[in-house]
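The following exercises are to be worked with the sequence and the coordinates at hand. Each task is followed by a stepwise solution.

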Amino acid sequence: MEFEAVIGLEVHAQLLTNSKAFCSCTTKFGSAPNSNTCPICLGMPGSLPVLNSKALDYTVLMALACNCRINEVSRFARKNYYYPDLPKNYQISQYELPVAEHGWLDVDLVSGTKRIGITRIHMEEDAGKLIHDEKKSVSYVDLNRTGVPLIEIVSEPDMRTAEEAAAYLRSLRSILVYLGICDGNMEEGSFRCDANVSIRPRGRQALGTKTELKNMNSFKNVQKGLEYEIERHTEILTDGGTIVQETRLFDPSSGSTVSMRSKEQAHDYRYFPDPDLLPLKVEPELVEKMKKAMPELPRAKRDRFIKDFGIPEYDASVLTAERPLAQFFEDTVAIFANPKAVSNWIMTEFMRAAKGQDSGLISSPVNPANLAKLLGMIEDGTISGKIGKTVFEEMWGTGKAPDDIVREKGLVQVSDVSELTKVIAKILADNPKEVSRYLAGKTQLLAFFVGQTMRATRGKANPQLVNEILTVELDKLKN
Amino acid sequence: MPNLHEKSAAELAGLLRDKKISAVEITKSALERINTLEPTLHSFVNVYPDLAVTMAEQADRMIQDGSARPLTGIPIAIKDNMCLKSRKTTCGSKILANFTPPYDATVVNLIKNEGMVILGSANMDEFAMGSSTETSCWGPTKNPWDTERIPGGSSGGSAAAVASCQATVALGSDTGGSIRLPASFCGVTGMKPTYGAVSRFGLVAYASSLDQIGPFARDIKDIALMLNLLCKHDPMDSTSVPVQRSDFSTFLDKKPSGMTLGVPVEFFNKLSNQDVERSLTEARKVFEKLGVKFVELSLPSLDYGIAAYYVIAPCEASSNLARYDGVKYGHRAENFDGMIDMYCRTRAEGFGPEVKRRIMLGTYALSWCYYDAYYLKAAKIRTLITQDFKKAFEGCDGIFCPVAPAPAFKIGEKIDDPIQMYLTDVFTIPVNMAGLPGISCPAGFSSDGLPIGMQIIASHFQESKLVQLVSAFQRETDHHLKHPAI
């Protein structure tokens, strides 16, 4: 029997607000344990939450980007469970009435575009972290993260393969990062994903028994975890077994999943409206304000790049994956109006250099003006493309302008025919064996003479001219 | 000056202004009174003579340099569930017996800025759950009128302290009658303001949607002064309502003639105590003489008030009290085996039986299969009660009714019968359910000399009407001027 998988994702995204969701503590990462805390996020007796309006702004922004209906009135609810990283032993979340519902995202797949439904987007607060001592049987609690605002984005069970799920997850992340409301870092946990997965015989409507997958902290692991789980379900059903509804943990070291808790052990969170927070009103003015603040989103930008700049879809997708990169491209093209050349350079030299640099493009030592200048110098023949790469490396290393580097290092391209003819004559004279082999028909040796010429001019020779002169000079020797 | 402790805040403020006495003298007189009476009454969990004298000295400096405010130098007791920075705030519970808050409640801040003098923390039912102050882990407070009886609860310590002149005024909190009931049983005036009128920030929560802080005093003038201090919008409390507040003192001398009081038939049908009936009838006559009209009205949904309250309040409490787990502060069990066992033992040891009862009730009622049947239904009843009141206030300025079915009962009389204990609050609970302001004012005495209070309820943010009505009543009567012979 052929099965198809049914996958829905629950994504938690940490919002990039300066202060926590319900108190004024900083959300700064990496401070000493428990230093970013106050009576409110510590859940001290008598303390009360007050919503950070920035968190609501960001949630509305994401809801609009996901084509959601925004509820004029939503409610905060308490999710009750005991855990030492949760000081109040309840999490302020939303349950029956989330901020936004009924949205969708168009996701690009190899097979075409697919629309994935978004069930809801709601706000909640993050929990702290437990640090387990490896030597002693004690655990420590760090509450710096407690109360950091999160949004949970719940999808419809619209994905059919692990690749689709990964593609949806990538577009979600891309949008969040575009909006500047989440840093999208999966390894550090500011972008987290749980998956619900089941399988059913292809063509059947009814859903199979699902399992919930947790602990997949990279795109690769989401895909691997889902693939494993789909395979596991398929084997069980093929062997005539039944799926147990349960929560399973992905183990990255083995690439498999293990049972965490069964349905019977599932928590009863005893949700009820949080009496400390009034019903949350989203005024139409706020929605309008956020609509105005909405930047161009990745897909729209990609389509515009294809249309306006005439670059291939692949280039456009790569360039629009991150907002600063797209901006860099546009800024460069605005000065140097050869989009394909700019795209080539950004996708190769530039991205290679920018890789492994944490701060990314924002603090890139090469700015669009200098890149445009460099490309201009290549185009007008001042330097060769090859020298251009050297200059670029120097630009990246020193932050200097390309014309300064070219002048200081004397890298201006040699395009003087008589000078190049002299150099070439000497090379031909110095390599009689190669010349005779060439004349005997081994024409591939032309590359050898080009190389020799470039070396003799320390790469500054205009390669096109060198080719032309070499052909002429060697032809002369034929007779 | 003799009998300094018996003077009202308004009188003391006058003497301080005229420099006839100092705040330190007043404070020392209060501390002496506390010393004398505490072994008998046990109104306080902690008395802070050092803090009180320091605050009194500060008050005297404010008076000297002309920065005194209306209540500067007045001694106050605060209920043991309001956070007082660097001093113990125990909520009458073993689980918080060693808890010292690192911050002040908003009301404590207001008191400090006013230059009032905090004498100590007043005894209360554990986590404000009770009607008698018997569930305090520190033992019960005695009623100053009869020390074999309870003072009412849960703010019994605050009421007893004011009634016995240990403190001039006090703060209590009222979730289902916890200010009005002890005010009635102890013969003092006590008001629960509109929900959202006084900040709850720093008030250790029992049932967040019902809790409200309010004042105790020996007359309405002092209540008005306290309301002026307390009723302020607080951005730290999302449920605090930003409304324009009037000067409540300006309503003290307004004549009530032409005002209308509603009499809910359901309430009076329930009355079986002759003393309460007689006191209420006499009080009604006083108002009628003042030109106040009475109309009968019906509040049919109020019959379900107690049932709905004992779903909503425990539900919220079960969640509010979840934080007491031994991990961060408060009591932690000494011997345990693993994390879950630590939670269980800590809470088993730290909470008393009434608190446990309500946590279990609430946990059950919120559980997945029962949520609709209990919490949701109770929330609907709450809406109906609110609508009943709203309709009633279309035809009257206030609702006139008893505070409690009978005067103060004996210590131990109801502690083993929770249902009987809960029924004590039958007339006060609906007011919290609807978030309305309600006042308890001395209206007479039982044949055996126990105080009996009347309750007047007003529409949202109409505390000024309560001040106006009770002020007129207290000008005509002397129940509030009587002191217990202690």
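**Exercise 1. Environment of one residue**

B:Ala443 is buried, because 27 other C-beta atoms lie within 10 Å (buried: 20 or more other C-beta atoms within 10 Å of its own, exposed: 12 or fewer, partly exposed in between, with C-beta atoms placed from the backbone). The model is predicted: local features need pLDDT of at least 70, side-chain atom pairs count only at pLDDT 80 or more, and totals for chains, interfaces and linings use all residues. Residues are numbered from 1 along each chain as its sequence is written, and chains are lettered from A and ligands numbered from 1 in the order in which they are written.

Task: state which element holds B:Ala443 and which residues B:Ala443 contacts beyond its neighbours within four places in sequence.

Solution.
1. B:Ala443 belongs to strand 10 (residues 438–445) of chain B; strands (E, at least two residues) and helices (H or I, at least four) are DSSP runs numbered from the N terminus.
2. Its contacts (C-beta atoms, placed from the backbone, within 7 Å) are B:Ser279, B:Leu280, B:Ala283, B:Ile452, B:Gly453, B:Met454 and B:His479.
3. By contrast, 32 Å separate the C-alpha atoms of B:Ala443 and B:Val204, which are 239 residues apart along the chain.

**Exercise 2. A helix pair**

Task: describe how helix 9 and helix 11 of chain A pack.

Solution.
1. Helix 9 (residues 368–379) and helix 11 (residues 402–409) of chain A pack at about 50°, with axes 8 Å apart; axes are lines fitted to C-alpha atoms, for helices over the stretch in contact, and angles run from 0 to 180 degrees between N-to-C directions.
2. The two helices of chain A, helix 9 and helix 11, are therefore oblique to each other (under 35 degrees is roughly parallel, over 145 roughly antiparallel, 65 to 115 roughly perpendicular, the rest oblique).
3. From helix 9 of chain A, A:Asn370, A:Lys373, A:Leu374 and A:Met377 meet A:Pro402, A:Asp403 and A:Val406 of helix 11 of chain A.
4. The residues of this contact comprise four nonpolar, one polar and two charged (nonpolar: Ala, Val, Leu, Ile, Met, Phe, Trp, Tyr, Cys and Pro; charged: Asp, Glu, Lys and Arg; polar: the others, Gly among them).

**Exercise 3. The chain contact**

Task: what does each chain give to the contact?

Solution.
1. Chain B gives 35 residues and chain A gives 24 residues.
2. On the side of chain B that touches chain A, helix 10 (305–320), helix 11 (338–350) and helix 12 (353–366) of chain B each give two or more residues.
3. Helix 10 of chain B gives the most to that side, with three residues.
4. The residues of that side of chain B divide into 21 nonpolar, eight polar and six charged.

Note on methods: Two residues are in contact if their C-beta atoms, placed from the backbone, lie within 7 Å.
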